[in-house]
Amino acid sequence: MSSTKIPAVVNYSEQKHSVEIREIPVPEIGEEDILLEVENVGVCGSDLHQWTSDHSWPVNYPVVLGHEFGGKIAKLGSRVSGWKLGDRVVSETAAVIDSLNPMSKVGLYNLDPTRKGFGYGVNGAMTRFVRVPSRCLHSVPENLSFEEACLTEPCCVAFNALVGNSHIKPGDRVVVIGPGTIGILCAAVARLCGAEVAVLGLEADRGRLEIAKNAYGCDPLIGDDAAEAWARKRDGLGADLIVDAAGHSITLKTAMKLVRPNGQITKVGWGPQPLNFSIDPIVQKNVRLQGSFSHNWPIWERVIALLASGALNVKPIIGGVWSITEWHEAFEKMHTGQIVKAVLKPV
């Protein structure tokens, strides 16, 4: 197996659109790793950001893209226990962590500053075989397809943002800014928590907003005026929680306008642009501004249970499945907002 080359979607430099199919060797694994045969891999907004070179994190070029993935165990390292060949698994994204870091010691290894993830720090899963530390693995129940299971990771981002890092109660009014994958999943989790939810987007987002409405029971909003009317509808003061899931810094200004006094803004979208506005409303309104990054082991276990039970349904956001050799079409369809989520399949 190790003598053959396999096609992979490789991001090879910082230059815009520096992504192509390259032949790579099957990875060697260490004694605590497994070799995963990838069944499906989701395309993330961060994959698109690396493709268009408007990301704000360090990348180890060249690197195989892809960090939302699941598959079957093809090979086991000599010290791996608790797993066997053929097991159906998904993998967490924290490919490299320092187990002695204080964050890792309290179970928050996702916040270890030296952490490296698949698809930017080490080779990811947009290929047929990927090396995975066995500590990253979670079992996938038979009734959960890999097309759905590969979206465990963005569901975990949403779960951590809403349940881990936000104060949310049944009956709260929540506005989610940005109808991408993370935004729509944040809205879905907020609905599971019993909130009334609206999703705010642009004119170009109509198709994705319809999915938020039809699949998850959210109110679709286009433009700040509509958002303000929705946020203030109950008592004139604004929404309890604003989830900023857009990839632009300017949306924080909208969030500050929509949030009620003593409310919360949870920021989960990355925006490298500098702010050119005052954040005084956060002080004046006594608002909690909370960042939310990544996820850890118990969140993965809970989200897989929600997916397997059908309580959280990701099928409506999957816009199609493409071969990894057709990665460009899948990236374009997501980038232009024609679909919410593209899923790739290795060849």
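The following paragraphs describe a parallel sheet, a pocket and several salt bridges in a predicted model.

The description begins with the sheet. Six strands form an open sheet in the order 13-12-11-14-15-16, and their pairing is parallel. Its edges are strand 13 (219-222) and strand 16 (288-291), each of which pairs on one side only. From one strand to the next, the twist averages 20 degrees. At one end of this order, strand 12 (residues 196-201) runs parallel to strand 13 and is joined to strand 13 by four bridges. One residue pair can be named here: Gly-201 has Ile-222 of strand 13 as its bridge partner. In general, the strands of a sheet pair through backbone hydrogen bonds, in either a parallel or an antiparallel manner.

Strand 12 also takes part in a side-chain contact. Glu-196 forms a salt bridge with Arg-234, with the closest N and O atoms 2.8 Å apart. Arg-234 lies in the loop between helix 7 (224-231) and strand 14 (239-244), whereas Glu-196 belongs to strand 12, so the pair ties together parts that are 38 residues apart in sequence. Both partners are partly exposed: Arg-234 has a relative accessibility of 47%, and Glu-196 has a relative accessible area of 33%. Another salt bridge joins the side chains of Arg-206 and Glu-203, at an N to O distance of 2.4 Å.

These contacts belong to a wider set, since the whole structure contains 19 salt bridges. Side chains of opposite charge can pair when their charged atoms come close. A further example is the salt bridge between Arg-79 and Glu-31, whose closest N and O atoms are 3.2 Å apart. This pair links distant parts of the chain, 48 residues apart: Arg-79 is in the loop between strand 5 (68-76) and strand 6 (88-91), and Glu-31 is in the loop between strand 2 (19-25) and strand 3 (33-42). Arg-79 is exposed because its relative accessible area of 53% is over the 50% cut-off, while Glu-31, at 41%, is partly exposed. Together with Glu-32, these two residues form a network of salt bridges.

The last feature is the second largest pocket, which has a volume of about 180 Å³. Its lining includes Pro-27, Asp-33, Phe-118, Asn-123 and Arg-131. Strand 7 (94-96) and strand 9 (129-133) each supply at least two residues of this lining, and strand 9 gives the most, with three. By residue type, the lining divides into seven nonpolar, one polar and two charged residues.

How values were computed. Residues numbered from 1 in each chain as written. Predicted model: local features only at pLDDT ≥ 70, side-chain atom pairs only at ≥ 80, totals over all residues. Heavy atoms only, no water. Pairing = 2+ DSSP bridges. Axes fitted to C-alpha atoms, helices over the stretch in contact; angles between N-to-C directions. 1 Å grid on protein atoms, 1.4 Å probe; cavity = no way out; pocket = protein on both sides within 12 Å on 5 of 7 lines; lining within 4 Å. Points joined across faces, edges and corners; volume = space filled by probe spheres on them. Nonpolar A, V, L, I, M, F, W, Y, C, P; charged D, E, K, R; others polar. Salt bridge = Lys/Arg side-chain N within 4 Å of Asp/Glu carboxyl O. Buried < 20%, exposed > 50% of the residue type's maximum accessible area, 1.4 Å probe, protein only.
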